[in-house]
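This report describes selected features of one protein model. The sequence and structure are shown first.

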Amino acid sequence: MDRKLKYKTFFTVLSRWVFFGSLIGIVVGSFTAFLLETNDFLGEVREESGWLIFFLPLGGIVLGYIYMNFGKVFLNNTLHDTAELNNLVIEGVHGKKKVLLRIGPIVYLGTFITILFGGSTGREGAAIQMGGSVAQAVNMFFRKNKSDTKILLMSGISAGFGAAFGAPITGAVFGMEMAALGKMKFEALVPCLVASFIGHYITTSALGVEHVEFIIQTLPETSLVTFAKVILAAVIFSLLSISYCQLRHGIQNLSKKIFKKNHMKRAFVGGVIIVVLTLIAGSQDYNGRGLEMLEQSFKEDVPPFAFLAKLLFTAITLGTGFVGGEVIPLFFMGATLGNTLHDFMDLPISFLAALGMIAAFSAGTNTPIAAFLLAMEMFDGKGAEYFFVACLVSFIFSGHHGLWPSQKIYQPKSSLYNIANGDTIEQVEKKKKSRD
């Protein structure tokens, strides 16, 4: 091919991906700003009106009705279910299923219901799924091929994450790293980067959304002893992540089996259980996102078993069919566990809370690179060497568990694991049970 023609082709492709990334970033950033502002408003309403928690079971019935009647459709002889949430987006990236256009509006409504009535959940799930929905709409309008469709979906994920957390660099990498372990599709770098930065800009600069800031007050002295403590803490945080993932998926599978996929009954019973647990706890600190205690964990002591309470509340909420993200609950669990470990490890409280947030995120999402970048963006680059080690250790020690069963394992984390390349986390779990 002539050199001039090569350059012309290169810049044509580059311009195309910049255009698509920008388009997805603008739309997803706008929708994410609406999501964040609405979630904040609904969260404040619930906190001021504690009695709303008693309507959570009824909210579960409404949510279940929406998913059972509007969340399923057959396309190409395949059942597509929006209740699969982030797993559906991941399977869309792998080309196994089609992301439905309706997934965005439905998951937004479901998240608002869950937040208003006190379910324990986050918000990034809705942003990511709206990103997938918007990317699918762009794909259908411009009629892109299968390979380009995967890249557009990754761009939607990047835009949603970057906008939801105010972390555009992390968002760009997260979109490429989320779908699979051991493989990143660098062909998607340009649209993911553009979509994440544009989405972040639209959400913050253009529409004025402010993100919560977490500050590390003090860093520990650099020494071998400190690194040893960080490694030990990262292992503990990885076990926390495993415990949550296993409990959450266990509750989901059991509730589906008991109620024979009747989403209304599942969510109603889950809502009743959350109401009972809230009354037992004597407070609503573990309902909603729990941002107040999450921020407190960086400054002063929190209840020593707060991380276990949040783990239980979130696993039941999402395991019984309510909707929302899992990253902020993971942040809460990791930070409050780090707060508890402060007395035993003799490390600064804000440092351990931050380490717990990031390490639990790395282990749960299986995205160590994105987790490290998130730490750099959230904490202004402080403690880079500690976060780098913690992300890798928690990622390795968490094994092949994770928030999303559809994540494909292109390369096992270690040769010690007898796992076939191309298996998903769900398939690995099934093989374990069959051997047992």
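## Nonpolar surface patch

Trp-51, Phe-54, Phe-55, Leu-58, Phe-268, Val-269, Val-272, Ile-273, Val-276, Leu-279 and Ile-280 form a nonpolar patch on the surface, with a combined accessible area of about 1,000 Å². Patches consist of residues with over 30% relative accessible area and no salt bridge; nonpolar side chains (Val, Leu, Ile, Met, Phe, Trp, Tyr) are joined within 5 Å, and like charges within 9 Å. Areas follow the Shrake-Rupley method with a 1.4 Å probe, and for residues only the protein chains shown count as cover.

Helix α10 (residues 263–281) gives the most to this patch, with seven residues; Leu-279 is located in α10. Helices are DSSP runs (H or I, at least four residues), numbered from the N terminus.

## Basis of the model

The model is predicted: local features need pLDDT of at least 70, side-chain atom pairs count only at pLDDT 80 or more, and totals for chains, interfaces and linings use all residues. Residues are numbered from 1 along each chain as its sequence is written, and side-chain values use heavy atoms, without hydrogens and water.

## Salt bridges

The whole structure contains three salt bridges (a side-chain nitrogen of Lys or Arg within 4 Å of a carboxyl oxygen of Asp or Glu). One joins the side chains of Asp-40 and Arg-289, at 2.9 Å from N to O. This pair links distant parts of the chain, 249 residues apart: Asp-40 belongs to helix α1 (residues 3–48), and Arg-289 to the loop between α10 and α11 (291–296).

## Surroundings of His-211

His-211 occupies the loop between α8 (189–206) and α9 (224–259). Beyond residues up to four places away in sequence, His-211 touches Leu-36, Arg-123, Ala-163, Ala-164, Phe-165, Gly-166, Thr-203 and Thr-204 (heavy atoms within 4.5 Å).

Definitions and conventions:
Helix = DSSP H or I, 4+ residues; strand = E, 2+ residues; numbered from the N terminus.
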